[in-house]
Every structure is written in structure tokens, then in C-alpha cells.
Amino acid sequence: MREVTKTFVLTRFDPDQDEAPRTQEYKVPVREDWKVLDAINFIKDEIDPSVSHRWSCRMAVCGSCGMMVNGEPKLTCKTALSDYGDRVEIEPLANFPIVRDLVVELEGFMDKFKSVKPWIVRAKQKAAEEGTYRQSTEELSAFKQFSMCINCMLCYSACPVVANEPEFIGPAAIALGHRYNMDSRDEGASERNQRFREEGTVFSCSYANECSEVCPKDVDPAAAVNQAKFNAVIDWAKGLVMPKGGS
Amino acid sequence: MSAIDLYRHDIIIVGGGGAGLRAAIAAAEADPSQSIALVSKVYPMRSHTVSAEGGAAAVARADDTLEMHGYDTVKGSDFLGDQHVIEYFVEEAPKELTLLEHWGLPFSRNEDGTVATRAFGGMTTKRTWYAADKIGFHMLHTLFQTSLKYDNIVRYDEHFVSKLLIANDGSCRGVAAHDIRTGEMKAIIGKAVMLTTGGGGKIFPFTTNGMIKTGDGMALAYREGVPLKDMEFVQYHPTGLPGTGILITEATRGEGGYLTNKDGERFLVERDYGVGSKAELGPRDMISRAIVQEIEAGRGLSGPYGDYVNLDLRHLGEAKIDERLPFVRLLGRTYVGVDPVKDPLPIRPVVHYMMGGVDTDIDCATQLSGLYAAGETACVSLNGANRLGSNSLTECLVFGARGARHMTQYAKSIGQIDDKALVEQAKAEADRIDQLRGRQKGGEKLSEIRRKLNEAMESGCGVYRQQDTMKACLQDVSQLRGRVADLQLTDPSRVFNTEVIAALELANMVDVAEALAASALSRKESRGAHTCKDYPHRDDQNYLYHTMCTFSPSGPVIGKKDVTLGHWEPEERKY
Ligand SMILES: Cc1cc2nc3c(=O)[nH]c(=O)nc-3n(C[C@H](O)[C@H](O)[C@H](O)COP(=O)(O)OP(=O)(O)OC[C@H]3O[C@@H](n4cnc5c(N)ncnc54)[C@H](O)[C@@H]3O)c2cc1C
Ligand code: FES
């Protein structure tokens, strides 16, 4: 198979030693079918084992390997190197604090994620013995797309609101909350809508649509945010009409 | 000695994949007042359960029975599965999948809104519940998201467990966990520990497994004297993409796909490979052997990553492929540049799953008091010599839950824990890792040793095995043990030092590989996935037992354990 040599410029940062992130260049013999991740792994295995990055599945489903490639957020195991010239810049995902090299801090996201109650809420849990719920194909397709998020965080890197307003819970968390709201088995929409009406959630979104453009799984978080905005308003208006827990 | 931090919980679960998350939820429900530590070397939603595509098995249809699921599993196991375990499994399976449905898993549906099932290899009827071709992803995320609602589950994300902590009375009462973010060592102490660390496919070069599947839990238990059971049985999945080893799910054949050779022949139909009328839906061990034979007979095709055969889905049509197998289409296009709607996919057998693992009883308890194991890292003896596709996700649920409930009871019977010995061990472990980090003095290169290990395993423990190559493999692996002790590591940082993690993982891989090779060498018959050219037949007279491999400083020691038979008598395995 054909090989070409490309230069990779990696962000390096070790808080034990460095005051600020710096860059380091590596020359790598690249096979024509390689993804960006293959080159980073080659650097780690064969040239500089001190390079730190996250990855696991190498099949675009575990969500670990998001990085900036020439300034754009990409899933590196899915991004073909043949689409790039002979100089490729790799940085940690934008809009997140750097832990080390290409590894970013995810703890803030994990809290946001939990705040939308991403689980089925029901007044009464059904027992296993009662069998499964019925769900029509239409009911399934109302939320299916929004359940495909792999938490790769590319959308947070692309989002102009996240960049300015770090408390914004962000596209993936909203899409997930909305996913449960749209599930015919769930009864928790009013709790989540309340959360959505708080500051730093759906109404912070400026509908830039960047999130949907970078999403490697076609989740379309921008559509979720928009629908969630609408539902949160309707839900609020209903509350005005029927103040004391009317249905 | 290094300073360490001490954390106390009632029970500790190591691993945040399907088995670990199910166990954590079961434990949280069994006793809402107990504190559960969930320790994982990656964020739980990155666990390799995420990659499962095809589905999860449980009786669902009117034309199906528990008896049939049980028999299929026993026969698939080549009669090495324990029948009391199998009976319990098939009975619990529908309940567990129903719970997942209640928790929001987006299963694909029939027209009437009931959960849809598909055909899978070695299963008599359609009993594999699916979510298009992403069951593992949805199962893992559903479990993880559901686990967030229990405040008594305390997560230690990105913490690498490098040692079990053993109390003075010899029981397991905690783990030493290296916080990858900070490089600090934590002693996490509790009354019982469950290992749910997944398989170890990465000891082989060509595998469907992700980078994190390094057999850690097996090595942790093995080093404390717990036997590894039936390690010789490694499942080769028939359909991996050449080069990367990325899996193309058996659901492709469940939905009607064909395997063809260079002449376009459906060789499973044309020649007798033992699969009978099941053809492409025969069990994995048999189909993998058939592909190797086709290739050896010169009927394969050749490509940049070696010889292969074709998986032809074209006749299913674009609509069905997009509805049922959208991920397969994406994988084909992205990783081999083939759109299965238009062209056949190149595939070849690939290391996929370990039937063997940490020996447990039906309650997931090991021989070491306080230590439990479930999921792929364990061997509760559901799968015997060959697992049926789609049984293992269900296994993670059924036994994750059972083990957690049992552990909860066990923990209640344990009084005050004397921390002293445990803390000492964690400190010693911290010192060991401190010395490893940035260790310049060694002479060996990590990636080179890993490559050597991979080569040895491929040449000795492949689809077809021989006594002489297995012997050579065992020798090579044993030699690598010494070389792993002499690694040169260049990264001195305490923060997110993935080099030191890779070194710890490599040592685990060598332990697992050595146990595997020794177990394989000891079984002088062919059964399930273990096919020995020198001993081509199953030998119930001499080998109807579980292989038990125990660690000793001078090398693995092989023993035996009885198979629990029941009302299904061993018979010739022919389809
Ligand atoms: C590509 C692929 C497709 C598959 N498809 C199917 C299918 O369709 N149906 C089916 O039934 N089965 C399928 N299988 C098999 C099945 O997915 C696995 O057997 C199962 O998911 C294993 O789950 P687990 O919880 O045991 O382990 P994993 O999901 O591998 O999780 C292991 C966990 O342990 C943690 N861990 C490991 N080591 C350490 C350590 N040292 N310290 C701390 N934490 C640690 C990891 O972080 C992770 O959280 C498939 C397997 C693969 C590879
Ligand atoms: S490595 Fe899993 S998504 Fe890229």
C-alpha cells in the first residue's frame, strides 16, 4: 500500500513541567488508508511514548478520540488522513480545560449531563413480570435520532455559546434530556422542562447550528435544542393556564 | 513509602461496562443504604460493551421455549457449559431484557409495537432482541444513564485498578486504584469486590476488541491464586474487516447475508462443514474453520491485508440495509471503502471473545472469599467451549445482577475491616508504580514486546492449533514475562501517564496469554473453539471437564473441575 510522509504538529502540555501548552512536530510514514488516530498511535508507539491521548474502540462508537484536526473538532478514528495535506495540526478539543497533551477535562460535562435527568422517570415503575411496553415505530422515531449521541464532545468544541458562557449545559446534554422527553415510556418531561427554563440552558442557544454540522453521528442536536425550547415554552404556558397541578 | 488516600464503601465494582453497571444498579436496589464504589479505567460509556452490534438473546416469541434456548446454548457450548447455570440464565434472560426496555433502551419494534427479534447463529428461532445494529451502544448508555439516578453509586472514573487488597484472614477487601488524572494511588476498601473488567482480546494482533481490553481482571485474580477456567476457548468471529479487525455483526447473516468465495460460491451450502441446513447461521467456531479451509484450498481472495472471503449483502437491498444494518454500512464505507449495498464486504475470522475467565460459581463468587466476578472477565460456565452470539450481553445482565445481590448479602455478614494490612499493600503498590513511571534503566521497548506477544499468540493459539506450535507459543510468552520486567519507560509525569498504564496492561496481558497457552496445550482433543490438528475429535472420555489454570512462580499449573451435566446428554454436535 502507498505510503507518504506527513508532518504532525501535536499540542504538548504536562502541568508538572510546562507553564503553557507548546507544540511538537513528528514525521510519520502514513499508509493511504490510515485515519488520524493511526498516526497518533504510531507516534506514541514508535517515536514518543510520552504523548497522551484517549482512544479505545477505533470504530467511531466509544466517543473517546475527539480532537481538533487543523482547527476543526473531529472524531480522529473516523477521519481519513487522505483528506489532509502533508502538515496536520492536532490539538485538544477546544472549549475544555486541558489535562495533559490531547486530553481534556470532562468532569464539568458529566455534571451537566446528569442535571437533565437522563433516565426514564415514572410515577410508578413497572415490574419485569408485567412485560415490555409497546412502542410504535412512529413513537420510536420521535426520539431515536437523539439517542444516538456518543458523548464525543465535538459539539461543545464547535459551539460559540459554550465558548463564551462555560455554564451553558450545551448541545449534547440538551439533546439527551429532549430524547427522554420524547420517549413514549417517560413521564418526566415537566421536571426536565423546568430545568430547561433555567438560565444557561435552551434559551442560551443562539442557534448557530455548528453542533449539528460537526456531529459525527448525525444526532442533529440543534434540532433537539429547538424542539426543546418550544416544548419548554408550551409547558410553561400550560402551567399559567392551569396553575395548581391541573392536567 | 508513598502517601495514599483511603476511601471506604460497602462493596466495590471494578469495571463500568454492561456487567459492572448492571451489578451497580442491582446492588443499589438490593440495599439503598449501602455505598457502592464503581471503579473504571475509562468513563463507563467508553467501555467496550459499546461496540456490540447484533443483539441480546432471550426467549420472546410464542414459538420459542426456555428449553429450546437452553438446548441451543448447551449444544453451542459443545457440552462444556454447566447446565444448572444455563437453566438459570435462560429463565432470567427475558426478565433482564424487559428491565432494560423499561429503562429506555430503544429496541427495534414489530409492527404491533412489541420488541422485534432476529435470527442469530446457532439459535433455533428468532430470539435476539436488537436495536438496529447498535445493541451494545444503547445497552451501555441506557445502563449508565439509569445508574446516575442512584446516589449511593460513587464513581471513580479513569482509575486503574492494579492490585487486589487482601486482608490478614486471606479475604479480598479492596483494591489499589491509580487515579490516571493525578497519578495518586487510592486504597478503596470494602467488604467485597466484584471484577467486571471484560475480556482480553488485545493479547492477539487481529481482534474486534478495543484498546482497553487487556484482560486486567483475569490477571488481578490469577495473581492472587484464583484459577482461570477454560482459558483455551477463544472465539474467532467469522466476519472481521481485514486490517483493522473491526467487527461486521452476525446480524448481517441473521438478516439473510451470504458468505461467498472467490468463485461466488456459498461454500457453507456447497460443502459439508458440519453446519447442515443452518448454512450461514451455523455457530461461529464452525464457520470460522470453514473460512480458513476455503482460504487454504485457494478459494479465498487476496488483498493488502492477506486473504479473505466475501460477505454479500447486496440481495438484501438498500432499504433493509439502512433500516436494520446502518452501522455496518457506515463501517464498510469508512474502514474498507466498500458500500455493502453495491459490493460484497471483505471479511476474515477475527479474535472476538473469551469463553474462559475467572472461575466462579453460579453466584459469581470466586474461591477467594470476598472476590466476585461477572461478565466477559468471568467464567461462570455459561458458554463452555463456544459461546452463541448474543448470549454474552444477556450474560452480563443476568450474572451482573445475581452476583451483586449475592455480594450484598455477603457484605452484611462481614464485620469491621482491619485496614492496616490493606493500606500497607496499597502503599507498596504506589511505590511500585512510582518506580515504574519514567523508568529509564530498562532495556525493552513496550510496543515491541506487545508485538512479540501478539505474534506468539497468533501463531500458537489460532483457529487451528497444533501441539508443537502451542508449545513454542507457551515458551515464547513465558520468556516475555522477564522482558516485561525490564521495560524502558520514558514518561516521568504523574498526570495522565498512559505509558505507565500501558506497561501495567502489558504485564496483565502476558499473564493472561500464558494461562491461555498452557490451558490450550493441556487439552488434547478438539472441542468447540479449541481445534487441535493432532487431536481432531472430541474426547468425552478424557476431556469432559473444565480446565483450571492456577498461577505459580514457576509457571501455570493445570487442574480440572467437573462439568455440571443435567438433562441434556452429551451427543455428537452436528447441525
Ligand atoms: C465488536 C463486538 C461486538 C459484540 N457484539 C455482541 C452482540 O451483538 N451480542 C452479544 O451478546 N455480545 C456481543 N459482544 C460481546 C459483548 O459485547 C461483551 O462480551 C460484553 O460487552 C462484555 O461486557 P463486560 O461488562 O464484561 O466488559 P466491558 O464492556 O469490556 O467493560 C469492562 C470495564 O472494565 C473496566 N476495566 C477494565 N480493566 C480495568 C482496570 N484495570 N481498572 C479499572 N477498570 C477496568 C473498563 O474500563 C470497562 O469499564 C461483542 C463484542 C465485541 C468486541
Ligand atoms: S476510538 Fe472510539 S470513537 Fe474513536
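A residue counts as buried when its relative accessible area is under 20%. That cut-off underlies much of what follows for this predicted model.

**Helix 10 of chain B**

Helix 10 of chain B spans residues 326-335. Seven of its 10 residues are buried, so the helix is largely enclosed by the rest of the structure. The buried set consists of B:Phe327, B:Val328, B:Arg329, B:Leu331, B:Gly332, B:Thr334 and B:Tyr335. These residues pack against three elements of chain B: helix 6 (251-254), helix 9 (317-324) and strand 17 (345-354). After the helix comes B:Gly337, with a positive phi near 65°.

**A pocket with lining from both chains**

Helix 10 of chain B also takes part in the second largest pocket, supplying at least two lining residues. Helix 9 and strand 5 (117-118) of chain B each do likewise, as does helix 3 (137-143) of chain A. The volume of this pocket is about 840 Å³. Its lining has 35 residues. Nearest the centre lie A:Lys144, B:Ala132, B:Asp322, B:Glu323 and B:Pro326. By class, the lining divides into 14 charged, 13 nonpolar and eight polar residues.

**Strand 23 of chain B and its partners**

Strand 23 of chain B covers residues 545-550. Five of its six residues are buried, so this strand too is largely enclosed by the rest of the structure. What does strand 23 pair with? One partner is strand 12 (residues 228-229) of chain B, antiparallel, over two bridges. Here B:Lys229 stands opposite B:Met548. Another partner is strand 24 (residues 557-562) of chain B, also antiparallel, joined by six bridges. In that pairing, B:Thr550 faces B:Val557. Strands 23 and 24 of chain B form a hairpin, with six residues between them. B:Gly555, in the turn, has a positive phi of about 125°.

**Nonpolar cores**

In soluble globular proteins, nonpolar side chains tend to be buried together. The largest nonpolar core here has 149 residues. Which members touch the most others? They are A:Tyr156, B:Met139 and B:Phe399. Beyond its neighbours within four places in sequence, A:Tyr156 contacts residues including A:Phe96, A:Phe109, A:Val162 and A:Ile169. The contacts of A:Tyr156 also include A:Gly170, A:Pro171, A:Ala172 and A:Ala173. Apart from this core lies another, of 86 residues. Among its members are B:Ala167, B:Ile180, B:Val193 and B:Ala426.

**Loop residues**

Two residues other than glycine have a positive phi; both sit in loops between strands.

| Residue | Phi | Loop between | Relative accessibility |
|---|---|---|---|
| A:Asn70 | about 45° | strand 3 (66-69) and strand 4 (72-75) of chain A | 36% |
| B:Cys364 | near 70° | strand 18 (357-359) and strand 19 (371-373) of chain B | 1% |

A:Asn70 counts as partly exposed, because its relative accessibility is 36%. B:Cys364 is buried, because its value is 1%.

A further loop residue is B:Arg439, between helix 12 (420-436) and helix 13 (446-460) of chain B. Is B:Arg439 buried or exposed? Its relative accessible area is 15%, so B:Arg439 counts as buried. Leaving out residues up to four places away in sequence, B:Arg439 touches B:Ala485, B:Asp486, B:Leu487, B:Gln488 and B:Leu489.

Conventions:
Residues are numbered from 1 along each chain as its sequence is written. Chains are lettered from A and ligands numbered from 1 in the order in which they are written. This is a predicted model: local features need pLDDT of at least 70, side-chain atom pairs count only at pLDDT 80 or more; totals for chains, interfaces and linings use all residues. Side-chain values use heavy atoms; hydrogens and water are left out. Helices (H or I, at least four residues) and strands (E, at least two) are DSSP runs, numbered from the N terminus. Buried means under 20% relative accessible area, exposed over 50%, partly exposed in between (1.4 Å probe, protein chains only). Contact means heavy atoms within 4.5 Å. A nonpolar core is a set of buried Ala, Val, Leu, Ile, Met, Phe, Trp, Tyr and Cys residues joined through side-chain atoms within 4.5 Å. On a 1 Å grid over the protein atoms alone, a cavity is a set of points where a 1.4 Å probe fits but cannot get out, and a pocket is an open set with protein on both sides within 12 Å along at least five of seven lines; lining residues have an atom within 4 Å of a point. Grid points are joined across faces, edges and corners, and a volume is the space filled by probe spheres set on the points. Ala, Val, Leu, Ile, Met, Phe, Trp, Tyr, Cys and Pro count as nonpolar, Asp, Glu, Lys and Arg as charged, and the others, Gly among them, as polar. Two strands pair if DSSP finds at least two bridges between them.
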